[in-house]
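Colleague: I would like to learn how to read the contacts between the parts of a structure, taking one feature after another. Could we go through it together, with the general idea of each feature followed by the case at hand?

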Amino acid sequence: MKLSRRDFTKIGSKIVIGAATGPVIIDALVKKAQASESSPDGDYDWNKHYWGYVVDTTKCIGCGRCANACKRENEVPFDEPVYRTWIERYRKLKDGEMKIDSPNAGIDGFTDDIPEEEINKAFYVPKICNHCENAPCVQVCPVGATYTTNDGVILVDFEYCIGCRYCIQACPYGARYFNLEKGTADKCTWCYHRITKGLLPACVQACPVGARKFGDLKDPESIVNKILDKERINVLKPDLGTKPKVYYLGLDREVR
Amino acid sequence: MQPHLKKAFTLLAIIIIAFIFVRSIAVPDSFGEYGWYRGDSVNELRNQPVEHAGSQACSDVDCHKTLYSIWSESRHKTVNCETCHGPAEKHVSNVRIMPEPANDSRDFCGLCHYKRVARPGEFPQIDPVTHGENLRCAYCHNPHKPWFV
Amino acid sequence: MESLVWGYVYPNEAEIQWSILIVLYPYITGLVAGAFIASSLYHVFGNKEIKPVARFALLTALAFLCVAMLPLLAHLGNPLRGIEIMFTPHLTSAMSGFGYIFSFYFIVVVLEVWLAFRVDIVKTALNSRGWKELLYSALALFSYDISEKALEADEKLGKKLAIIGIPSAAFLHGYVGFIFGGIKANPWWSTPLMPIIFLMSAIVSGIALLILLYLIVIKIKKYPLNYNTLYSLAHYLWIFLIVDVVLELLEIISMKYEALEEIEIIEHLLAEKIAFTFYGIQLTMGALIPFILLLLVGVMKNRDKLKVVMVTISSVFIVIGVFAMRWNVVIGGQEISKSLAGTLTYEPVFFGQEGVLLAIIILILPLIILRVITYILPPWKDMIEENEEAVVSSE
């Protein structure tokens with residue numbers, strides 16, 4: 001009795017191992033490992049583009065139309081404190097203190113609640129996901145639900161994200177938020193549905209003063225390359241080594 | 001090896017094989033197509049509907065050609081139609097769907113033009129208290145062609 | 001709402017992302033790692049004084065291991081997708097290995113428990129009838145060989161497993177520390193010391209928990225207390241506590257000494273946000289007082305009653321202090337804005353998916369599981385036998 005059972009397990013296990021492991025392991029490992037060079041859709045070749053973004057802080061008037069357009073373009077919950085882009089206001093007081101704020105991301109505009117006499121200098125800084133070349137959010141996603149596309153945009157797969165929020169913790173720029181409705185992380189896509197159709201991101205299109213510029217880094221004639229070739233630019237938190245692709249003109253040292 | 005240990009390890013092996021098997025079924029087919037992610041999600045995100053059509057979409061002969069040509073030569077030409085009028089892609093694809101009316105309140109124009117200390121000084125700004133006697137801005141200024149009263 | 005925020009925080013930071021459940025997760029895995037390492041003191045290093053609680057410690061580790069995954073799962077936005085971490089682990093992520101490391105460790109602990117209790121299981125299977133026979137026969141995998149040769153093989157494998165078990169326990173928990181320590185965006189987390197701090201505090205909390213559970217069992221079952229065992233545990237507790245506190249202080253001191261860009265916001269955090277839980281509970285109650293008490297326990301002669309009280313107080317304080325340490329890391333780190341220009345405040349809710357109530361349930365659950373496991377696999381005779389031997393030998 002005992003012997004036959006042992007024999008059964010022996011034979012059974014051999015059959016199972018032989019039958020299951022071979023094809024399954026090959027399927028699981030080999031197929032999943034090969035990354036294709038092709039583009040996901042025929043009408044747009046993502047290998048021909050590499051997107052970049054320029055923010056000219058010296059032009060920004062703080063009207064908040066960018067943040068407004070973004071919420072409406074991308075169905076970002078309008079009444080919740082979650083934003084794919086926002087405008088910060090910096091006011092350096094005469095006593096040396098730096099006052100920073102961004103009420104409702106600037107969508108409702110800014111009001112002067114500190115008298116002008118007390119202010120030394122003041123300016124606005126638009127913020128958006130930096131679509132870092134070396135993105136910490138992509139690095140920390142445990143399941144591969146956020147990724148960098150071949151054209152340099154960082155996206156979130158809403159069907160696959162488990163909602164652990166590690167990426168939100170890892171983003172040094174506060175660009176990510178938790179989408180309560182979907183139960184996933186969410187963030188700016190540079191309007192991937194627009195730029196792959198030849199349109200501009202909604203925020204760039206909405207800006208009335210041209211403080212936001214968007215273009216193809218692979219195209220030497222693009223507006224972004226023209227600025228990068230000519231101007232002195234900076235990025236946010238360069239010391240973290242994230243290599244942002246949102247480049248700033250006129251960035252103050254106190255902007256983080 | 002002792003038979004009981006053999007059994008234990010066989011059990012373990014079966015569990016592991018079952019896991020590998022389930023995994024091979026459960027992982028989406030497009031996963032790993034381009035990288036360590038679900039390849040299909042790229043197109044899913046590309047298929048998100050466009051909401052802002054862009055000013056060019058308003059310029060059609062049968063639509064707002066006249067207004068468009070006035071605007072496109074005015075100082076407001078950098079202000080996209082939809083920045084004031086709101087997203088209009090639905091209206092462009094079906095004219096029966098009317099976009100929301102443009103906000104013509106003083107405060108809306110003030111988002112750009114009220115005097116604010118953080119704004120670049122050369123940008124045209126007014127003091128809402130002293131300027132225009134609380135009238136709607138459009139009473140004097142044509143938003144499509146400002147600077148002509 | 002306004003008063004909860006000080007200075008400037010990024011607009012998306014209005015909500016704290018990792019709640020009390022994520023405080024529990026490293027706390028519970030810490031208890032697991034600690035209890036396991038305590039049992040290894042006997043199983044690997046052959047410390048005879050630990051023997052009365054060695055198997056009990058293993059069961060404690062198993063009981064807490066069973067729920068370690070729970071707070072994480074409950075916290076996910078899409079809990080049903082959690083298994084993806086096993087299916088498609090993204091290897092650049094510090095979190096992705098969790099599923100596999102956890103599973104590996106789980107297998108090691110289960111196997112070790114099985115080997116440690118196999119004699120008992122087989123004996124019970126042979127001496128009982130009905131469902132009980134079936135249950136224990138199944139647990140014995142229908143192999144009833146407890147000959148000397150078989151047991152020798154068991155012991156050999158058990159020792160091997162325990163040797164594998166120590167690094168995997170260390171890895172499991174050091175790794176939890178790395179999940180935080182590897183986040184360069186957060187200056188309060190980002191330090192290479194984090195894994196080792198987590199590991200040391202894990203061992204400390206695990207041993208303290210084991211002491212408490214041992215004392216409770218003694219009380220309930222009215223067994224005679226084995227002082228040698230208790231003092232030996234207290235001794236190890238003291239040593240690991242010293243290492244732990246030194247590392248924690250080292251982290252703070254080097255942060256303050258190097259005084260990088262983020263120092264202002266960290267000093268604000270320490271002074272305004274977590275002053276009580278950090279200086280008060282984590283350092284004074286959870287480290288300084290137990291350190292002194294355990295030192296006294298080590299040097300004092302006789303006065304066993306008082307020493308038991310001191311060990312008990314130390315253990316309670318340490319278990320609470322380590323929880324505060326987890327709190328200060330997980331919540332404290334999120335209370336500073338990544339703008340480095342402001343702080344926000346975590347307000348726990350009681351009910352709901354991330355509420356305090358659920359946290360309490362998850363903390364009580366392992367105790368219930370432990371009760372069930374010890375019902376099936378009673379480790380009690382170790383506590384009595386060893387004590388009798390000790391009594392005999394001392395006479």
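Colleague: Which side chain meets that of Glu354(C) in a salt bridge?

Modeller: Please keep in mind throughout that this is a predicted model. A salt bridge is read from how close a side-chain nitrogen of Lys or Arg comes to a carboxyl oxygen of Asp or Glu, the cut-off being 4 Å. Here the side chain of Glu354(C) meets that of Arg165(A), with 3.4 Å from N to O, and the rule finds two salt bridges across the interface of chain C and chain A.

Colleague: Which helices of chain C each supply at least two residues to the side that touches chain A?

Modeller: Helix H4 (84-87) and helix H7 (148-181) of chain C each do so. Sorted by class, that side of chain C has 19 nonpolar, 13 polar and six charged residues.

Colleague: How many residues are in contact between chain C and chain A, and what area do the two chains bury between them?

Modeller: The contact joins 38 residues of chain C with 48 residues of chain A, and the two chains bury about 3,600 Å² between them, with 51% of that area on carbon and sulfur atoms. For polar contacts the count between chain C and chain A is 35 residue pairs, both residues of a pair being at pLDDT 80 or more.

Colleague: Let us turn to chain B, where I would ask the same kind of thing. How many residues does each side give to the contact of chain B with chain A?

Modeller: Chain B gives 50 residues and chain A gives 69, and the area buried between these two chains is about 5,100 Å², 60% of it on carbon and sulfur atoms. On the chain B side, Tyr34(B), Arg46(B) and Val117(B) lose the most area to chain A, together 15% of what that side buries.

Colleague: How many salt bridges are there between chain B and chain A, and which residue pairs with Asp157(A)?

Modeller: The count is three salt bridges, and in one of them Asp157(A) pairs with Arg38(B), whose closest N atom lies 2.7 Å from the O atom. There are also 17 residue pairs in polar contact between chain B and chain A, again with both residues at pLDDT 80 or more. The elements that give two or more residues to the chain B side are helix H1 (3-26), helix H2 (40-46), H4 and H6 of chain B, and H1(B) gives the most, with nine residues. By class, this side of chain B divides into 24 nonpolar, 12 polar and 14 charged residues.

Colleague: Now for a single helix. Is helix H2 of chain A mostly covered or mostly exposed?

Modeller: The way to read this is to ask which residues fall under 20% relative accessible area. For helix H2 (residues 65-74) of chain A, nine of the 10 residues are buried, and the helix is mostly covered. Among the buried residues are Arg65(A), Lys71(A) and Glu73(A), alongside Cys66(A) and Cys70(A).

Colleague: What covers the buried residues of H2(A)?

Modeller: The cover comes from two chains, and it includes strand E2 (85-93), helix H5 (192-195), helix H6 (202-206) and strand E9 (212-216) of chain A, together with helix H4 (81-85) and helix H6 (106-113) of chain B. Just after H2(A), Glu75(A) takes a positive phi of about 55 degrees.

Colleague: Finally, how is chain A divided into domains?

Modeller: Domain 1 of chain A takes in 46-133 + 188-249, and domain 2 takes in 136-186. Their centres, taken over C-alpha atoms, are separated by 20 Å, and 27 residues of domain 1 are in contact with 17 residues of domain 2. The area buried between the two domains is about 1,900 Å², of which carbon and sulfur atoms give 60%, and in domain 1 the residues that lose the most area to domain 2 are Trp46(A), Arg84(A) and Tyr192(A), together 23% of what that side buries.

Colleague: How many salt bridges does the rule find across that domain interface?

Modeller: The rule finds one, and the side chains of Asp186(A) and Arg84(A) meet in a salt bridge with 2.8 Å from N to O.

Terms used
Residues numbered from 1 in each chain as written. Chains lettered and ligands numbered in written order. Predicted model: local features only at pLDDT ≥ 70, side-chain atom pairs only at ≥ 80, totals over all residues. Heavy atoms only, no water. Domains from an automatic or database assignment. Contact = heavy atoms within 4.5 Å. Buried area = accessible area lost by both parts, 1.4 Å probe. Polar contact = N/O pair within 3.5 Å; in protein donor to acceptor, adjacent residues only side chain to side chain. Helix = DSSP H or I, 4+ residues; strand = E, 2+ residues; numbered from the N terminus. Nonpolar A, V, L, I, M, F, W, Y, C, P; charged D, E, K, R; others polar. Buried < 20%, exposed > 50% of the residue type's maximum accessible area, 1.4 Å probe, protein only.
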